[in-house]
Amino acid sequence: MTPQNQPQKLIIDGREVTFGRERNLLEVCRKADIDIPTFCYHSHLSVYGACRLCLVEIEGQGIVTSCTTVPKAGMRVRTNSPEIREMRRVAVELLLANHDRDCPTCPKNAACKLQSLARRLGVREVRFRTLTPALPVDRSSPALERNPNRCILCGDCVRVCCEIQSVGAIDFAYRGAQTVVTPAFGKSLGDSECVHCGQCAGVCPTGAIIPRQDIEELWRFLADPRKKVIAQIAPAVRVAVGEAFGLPAGTVATGQIAAALRRLGFAQVYDTSFAADLTVIEEGTEFLKRKSQGDKLPMFTSCCPAWVKFAEQYFPDLLSNLSTCRSPQQMFGSLAKEILPSALGVERENLVVVSIMPCTAKKFEAQRPEFARDGMRDVDIVLTTQELVSMIEAHGLDLAQLRPEALDLPFGHKSGAGVIFGASGGVAEAVLRYVVSRNYATDLARIEFQEVRGTAGLRDAQIEVGGAQLRIAVVHGLANARQIAEKVRAGKAEYDLIEVMACPMGCIGGAGQPVTTRATTLAKRAAALYDIDRCVEIHTAQQNPAVQECYRTILGSPSSEKAHALLHTHYRNRRRGVAWPVPIAQPHKPQLEVSVCVGTNCYLSGSGELLERLGDVIRANGWEDKIAVKGTFCFENCRQSPNVAVGEVLVEKATVEAVVEEIEKQLAHQQEPELAPR
Amino acid sequence: MTTATLTVDLEAIAAAYQRAAGAIRQRVIVCAGTGCMASGAMRVYEAFTRELARWGLKVELELTSDEPNTEPTPPPAPDRYLVSRSGCQGFCQMGPLVTIQPYNVFYVKVTPEDVPEIVEKTLLGGETVDRLLYVDPRTKKRAPSTDHIAFYKQQHRLVLAQCGLIDPEKITEYIAFGGYASARLALTQLQPEQICQIITESGLRGRGGGGFPTGVKWDAARRQPGNQKYVICNGDEGDPGAFMDRSVMEGNPHAVLEGMIIAARAIGADSGYIYVRAEYPLAVQRLRKAISQAREFGLLGENIFGTNFSFDVEIMEGAGAFVCGEETALIASIEGQRGMPRPKPPFPAQAGLWGKPTIINNVETLATVPLILRHGPERFRSVGTPSSPGTKTFALTGHVPNTGLIEVPFGTTLRQIIFDIGGGVTNAKGRIRDDAFKAVQIGGPSGGCLTREHLDLPLDFDSLREFGAMVGSGGLVVTNSQTCMVQLARFFMQFTQNESCGKCVLCREGTKQMLALLDEIIEGRATPRSLDLLELLAHAVQKGSLCGLGKTAPNPVLSTLRYFREEYVAHVEKKRCPAGQCRALAMPTIVAERCRGCGLCVRACPVGAIAGERKKPHVIDEKRCIRCGACFDACKLDAVAYA
Amino acid sequence: MAGCACASQVGANHEKRFQKVCEILDYYERNPRLLVPILQQVQEVYHYLPSEILEFVATSLGVPTAHVFGVATFYAHFSLEPKGKHHIKICDGTACHVKGSTAILEAIREKLNLSGSAKTTDDMLFTVETVSCLGACGLAPAVVVDEQVHGNVTPAQALSLIENLTEGKEENQ
């Protein structure tokens, strides 16, 4: 065999093309600037070969799919013969026949690959009949919306969920004409193991999986004179939004976003980077404390909500290794709701905090019950970059034409540390800047840590701080996270700090961003963030005047009680049916055994939460040595779920109160015979 | 695992078997294939043992005599009666089948009630029971033995030779008939490359349908580096109407195992899988038994025949997916995945099961391998045609009087198969009418149909392709003139549509649309455009699908369009089904020359649409006719026809 | 307040229910590669694939539940619905189809009042399905009733086979 790196030549459409390391003919064609149509080929996913659009004709071999063909020197390839055109057209027409053709009202309209390929291939008519019945649309997820009637079964979502994220919340089910992509048992996405990263929506060529749209609710708030709507803009948004308005990738558009939001009716426009600076200080302080105590290391970052849910589901035993810090979005939310009502002169219930995020999982995060006070969420609405684009367009504005405006103070203040959060490695670097400054005089401290920057999905670095070596790992993609967490679990990972981001290259590759398939686009976005860092006056979180002001007036010192109340959080075990039965409290000789069903039905009826709360009650009552609690499987009484067995008694449609009542009753009953003989 | 020291002595086992056989006066062989079992063969088997015992005769159920290694005893007197079971003898429709040796008397449709008479007359009296003999449907003559039955006479049984003879559950019988000697040769005297060379020289081609040269496939796997390789026996025979592999697995499971051992030696594999359809419980049971016997005899396990070669086999039962007959889908299935094919290359010989070099051979192919080693490649090449040596088994079904499993040399013509072995063609009323022949569908859902003009075509892997058909795995369905070819195409299209894995667009969506178009045609809703679309789709699916299932799925449609286009056109344009099978379209007419005006049809017609003078040809009123077909069924003179 | 049902056997029953699947998983050493045989065994024991058992299998093997569901729904032999006491399979291979298997299917479905896509009778006595080919083509049309193959079946014979079962008679063929 010829070495792969030696450039060789083949002929594509009569023109000579050199190739080297390209793993298939499709990539060679792309290199020759021929955009071979495909739905199911993605360079970062396994080759699937199902959409049959990337067909090419090779002399002597006939028609083959270019995605599965290894390029060979001397091949003569035709990419656009009449026969190939006809077959591609038939394939697209077949897909359109059973596709929901509601294009004008589809959120993916004009960004849909099926639509654009139909246009490119000159499909003017669908000659085949619609044969599949309409399926229900799944709107159960806080982050994503799934419309199976628009699905073309290319499997991109399935592979990204499995291969990149190692979650596998959705998969193919059934076969042949009945094939669908679905969560297990045809359940809704909201009830599945989905971590809401939205990467499936990022690769979906049609509108079958799209980020959930919360624009309408926001329009209503904006139109309501009683409401004061304020915004926070995540770092990654500013370097991507311009792409949707024809600006080159990596254009920084913070000022234009501010201008646009004000025109839309936002009262104040702030920066999530401010909250990121707070995160750096809280997380850095927490890290130093753990390090000095040698306790619960490595520490995992907790800014990425998809990673947090992932850890809760698959690594509950490592939850104490997660930083207790809330993400910047939630720190901002809780602080805003704490400070701004009086500062802006608005009732708390009329202050609407909107965050503009590159991320779909942030929508889920904002809905977590721990991020609400008095029934009011800290962050009311989360918009993705894509939704921001829609709103700007809906208002008739062109972002590219707007004159930039400044952000509002005080939460518009930021340091470079808070900006680089948007790129993989940024959080680690920002924390390092803080940690180093605590060990050296500020002017001696290093600012740039090139060691943690980069694009690889799993990278590590050793950094010397105050004579000690800090071992840092940075990962993006949850499959990589799983790999490193498994190592930690096995005691084979010697790290101090591990930064995890679910999306490729970090938040800049979030599923809420304008869709891109080009790795260069992500690189440009990242570069733009680091450029901002270099251009701002301050580079470390602790120099941010607004942050300093917050500690002075409200929080006191880092990691103070107040800081904990506002800026930290706790996690829950979301694993179900792990090692059955799942012991929650396991005294040596229990007086009473409580089994909480965590089977499908009961779990969906809230038994997981019940189990957790029961643990709290047991601890609160000091029953740890009396009562054994375990999660268990089906009582075959699913209609009355959740089911809890207390001793021999089955409590149907159980609530914590009912279970506690039954426990108390039985405990009292057990004590009676003991008392009698005395 | 068996120990290294145990080396099986095949000759001693064979000799012991022959000695024991010397004590047998007569042998009753009851066919115990799935077909005969379903017809009650086990109760016949039990009746024989009971009845013989009742006569106070010495009954043996098994030929196990002394230990192979002990001193030979003097030959016993031949005074025993052996009642044994065999694998499928192929003539399932006539089951349960019973053969009495040494006379070779062959009884069909035997019931337990017949057994006392057989014992008394045939076994003890030496006479035949005439009423249980097979009657030739053409000549009405009784056939005293299989040599007189056209169905068997014209066959050439190599792979199936032992199927109707030996007891598939007894390894000693297989060994006594020369079994495992080829495996020993391969392990002790031949190098892997020599084995590949012999198989390549023999010209053996894969019997599963593709016809790829087996020796070439093996050699490709042999050349792959690595010490972990696999041999997979593909027993996922899914074609509707084909049961060749089932019969071999049930009737001669050790031949399959021996073939696998030789294949494993040839490529350097140490483990193998037999992937069997779940619909074949008896095959699974017999294979399991064969594997455990082979392990017991040291023929599977470590250090086979005292060499340093080790090999073992596991059975994997399919879970009901036709597409798993495709090799990459089969591998996915063994790996615990959905059985969806993946693009090739890489071929399994390069990266197969768990990414390791793997060869996948069909049951019949593997069962042929020991014969090639035993008799030499030249002898194998002397049967069949130069490009397709050897024999091929077919499942002959449809409108022929003799249906069942047959084996013929490649190069046999369809005429020989249908008219000699099959005994002719039956019309809608079951009468043999050779002019009723319309077409033969060959190769199942991947194949096509051939017509009268192809009857003298020698069958082999290559000869059929240019006519739009293929040998496939060997299903042969003969159809008569009352078979609607659109319906036949629809049947196969429905099958592939159901069995499509759903992965690639053209197969999943294309077969679905093709089925819908065929339904339109059959139900009279089609327009001339429907036919154009059907053809357009057929070509696109054929050219562009991912795997063999999709690529061949349009064949039944394309070949019926090729040879019976006028039938499609009649459906579409005249809204008529010439064969009268499509209920919505069929318009019966009365052929005046045949009608004698008996009035049977008038009485049968539920709507009074038939009228005519007595003893004169009747007429059907097309406006009143509801096309129910009652007149057709009622007429005894075949005077009602579909125009 | 939730109703309390006396359920002294709840625990025992339920442990028994999962004990079997645990045994199966242990036998196959919780190897995710052996998912298909594991599901076959589960179906053998439970007569179908109950969703909570599948979920349990998925967690035990460390694979996503959606994957297990995907495999279970791919293969025709797996059923996610409970099956009836008696299992009737009608062969629809080429030979059987040509010889009238459709009429048998229709007759049986009508007799058992099965409409639409229903495969199992409401009283859970019968499950009626077609299979692609039993390989018993010589006996076409063939019907399998509770694992026993019947050949050359007419619609009337098929109905009497069912009647025998409903009347509780032992099938004697």
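Q: What area is buried between chain B and chain A?
A: In this predicted model, about 2,800 Å² is buried between the two chains, and carbon and sulfur atoms give 57% of that area.

Q: Which three residues of chain B supply the most of what it buries against chain A?
A: They are R338(B), V505(B) and Q513(B), which supply 19% of the area that chain B buries there, more than any other three residues.

Q: And how many residues are in contact?
A: The contact involves 33 residues of chain B and 31 residues of chain A.

Q: How many salt bridges are found across that interface?
A: Four are found between chain B and chain A. E499(B), for example, pairs with R175(A), with the closest N and O atoms 2.9 Å apart. The count of residue pairs in polar contact between these chains is 17.

Q: Which helix gives the most to the side of chain B that touches chain A?
A: That is α18(B), with nine residues. Helices α17, α18 and α19 of chain B each supply at least two residues to that side.

Q: How far does α18 of chain B reach?
A: Helix α18(B) covers residues 505-522 and reaches 25 Å from its first C-alpha to its last, close to the expected 26 Å. Because 18 of its 18 residues are buried, α18(B) is largely enclosed by the rest of the structure.

Q: Changing topic, how many residues does the largest nonpolar core have?
A: The largest nonpolar core has 246 residues, and those with the most contacts inside it include F274(A), L534(B) and Y75(C). Apart from that core lies another of 86 residues, among them I171(B) and V131(C).

Q: What does F274(A) touch?
A: Its contacts include F332(A), L335(A), F411(A) and C550(A), leaving aside residues up to four places away in sequence.

Methods. Residues numbered from 1 in each chain as written. Chains lettered and ligands numbered in written order. Predicted model: local features only at pLDDT ≥ 70, side-chain atom pairs only at ≥ 80, totals over all residues. Heavy atoms only, no water. Helix = DSSP H or I, 4+ residues; strand = E, 2+ residues; numbered from the N terminus. Expected span 1.5 Å × (residues − 1). Buried < 20%, exposed > 50% of the residue type's maximum accessible area, 1.4 Å probe, protein only. Core = buried A, V, L, I, M, F, W, Y, C linked by side-chain atoms within 4.5 Å. Contact = heavy atoms within 4.5 Å. Buried area = accessible area lost by both parts, 1.4 Å probe. Salt bridge = Lys/Arg side-chain N within 4 Å of Asp/Glu carboxyl O. Polar contact = N/O pair within 3.5 Å; in protein donor to acceptor, adjacent residues only side chain to side chain.
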